[in-house]
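Student: I have a model open and want to go through it by question and answer. Can we start with the chains?

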4 protein chains.
Amino acid sequence: MVDTMWNDQTTTMQTLKDSLQKFNADRDWEQFHTPKDLAMCVSAEAGELLECFLWKDESSDVDLDAVQEELADIMITAANLGARLNIDLMKAVERKLAVNAERYPVALARGRATKHTHLPKVVT
Amino acid sequence: MVDTMWNDQTTTMQTLKDSLQKFNADRDWEQFHTPKDLAMCVSAEAGELLECFLWKDESSDVDLDAVQEELADIMITAANLGARLNIDLMKAVERKLAVNAERYPVALARGRATKHTHLPKVVT
Amino acid sequence: MVDTMWNDQTTTMQTLKDSLQKFNADRDWEQFHTPKDLAMCVSAEAGELLECFLWKDESSDVDLDAVQEELADIMITAANLGARLNIDLMKAVERKLAVNAERYPVALARGRATKHTHLPKVVT
Amino acid sequence: MVDTMWNDQTTTMQTLKDSLQKFNADRDWEQFHTPKDLAMCVSAEAGELLECFLWKDESSDVDLDAVQEELADIMITAANLGARLNIDLMKAVERKLAVNAERYPVALARGRATKHTHLPKVVT
């Protein structure tokens, strides 16, 4: 376990992007990081995250360290892909939250796990 | 297109987590957000990201708006899962970067897209 | 390497389903094989298949043994899920091929890797 | 709903492979079907299968037609990848079942959803 200084309160995505930029340049890895391969990598890491919960029910012990590691891999790969395509991730997130707020109005979506395409058009 | 104020330079994961906490509470969605379902959701969103690059080569036009939206979905779902399990995502990322730095020493990993388990043990 | 007797020419999905039924019963695994977990397992195995191609271009050596193993895992898990939900997989495949033939008429789809929802409505 | 003649009792993977070979040739789609893209496609389809079970518990209604369609897509794409790489899928499956039987001996694996790498070495 290393001492950590980064945290969700103070560390920005840009700090992560900058850190990765150096990490990748040091290893000359930019040549492998095509957008397509980075998208594949996100999916492969998401598959490893899934495995942490496979065959488990609510009461089963989940390996939280493994979950943390897989979530970190997903964040790292998403940041690499964002950097590679000049996507500002937090800008994209804010935009998507606005879309979601419109797709899932409180009055219609409250207490319902229904995809927006299947939500009723009026409050029932 | 909405006006955006969030961005990778200044917005932290905590801001995203807080925003989602309210979004979910307003819709009474916490009941659906089990860690297992959130992990499944990350994977489903990663599948949609993959689709943006399917059957395309380097020269093909990729729909960047779609990529942005899928990346945003992945960030949002990762933040929901982190919040649900009390995982500090940036702390987890910093820890994983330290692990990666050890697994992929510059001298061994430079210019090689080889998984750490298959890297030579000495510089060749 | 074991001697094999099964092959694509003569072995049916039912033979696989029957074989798995016994394999799972011997291990008392039916209790874990909920449809949801089996769907997660398909996705996790698909992630491992992805990894076989990660960071590789056309000319890179792909580990064919690994690809075979992951494809086998996907077939096995799909058969388990089909059996669990009483789905006849080949019946489902035939039905989907008919749907695809309608969605992708030769005259419109020829030489195009375009999703059916984005195909032109008339031949161009 | 179309009349179906294929079924798990009598239809072999080779019948599916032959059918796809013609389907793809008619549309000149072989050019898009690189092994890497087909692996991505399996994963994207697996993500759609996941979505059928998202936010649902045992008692929730699952859309069985959607599950069937996604399972069919996975079988079709696996067959396309197998054909492209000259992999006999049922041969691969038989081989993997032998590996699994060795990895999960009844005496050790009975009633346990534990990955083989974490199974005890002796019966407990």
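Tutor: Ground rules: this is a predicted model, where local features need pLDDT of at least 70, side-chain atom pairs count only at pLDDT 80 or more, and totals for chains, interfaces and linings use all residues. Residues are numbered from 1 along each chain as its sequence is written, while chains are lettered from A and ligands numbered from 1 in the order in which they are written.

Student: How many residues of chain C are in contact with chain A?

Tutor: Contact requires C-beta atoms, placed from the backbone, within 7 Å. Chain A contributes 13 residues, and the number from chain C is 13.

Student: On the side of chain C that touches chain A, how many residues are nonpolar?

Tutor: Nonpolar covers Ala, Val, Leu, Ile, Met, Phe, Trp, Tyr, Cys and Pro; charged covers Asp, Glu, Lys and Arg; the others, Gly among them, are polar. Three residues there are charged and two polar. The nonpolar count is eight.

Student: What is the radius of gyration of chain A?

Tutor: Chain A has five helices and zero strands, counting DSSP runs of H or I (at least four residues) and E (at least two). The globule rule, 2.2 Å times the number of residues to the power 0.38, gives 14 Å for 124 residues. Chain A is well over that, so it is more spread out than a compact globule. Its radius of gyration, taken over C-alpha atoms, is 18 Å.

Student: What span should helix H3 of chain B have?

Tutor: H3(B) holds 21 residues, 64–84. The rule is 1.5 Å times one less than the number of residues. The end C-alpha atoms are 30 Å apart, which agrees with the expected 30 Å.

Technical notes: Two residues are in contact if their C-beta atoms, placed from the backbone, lie within 7 Å.
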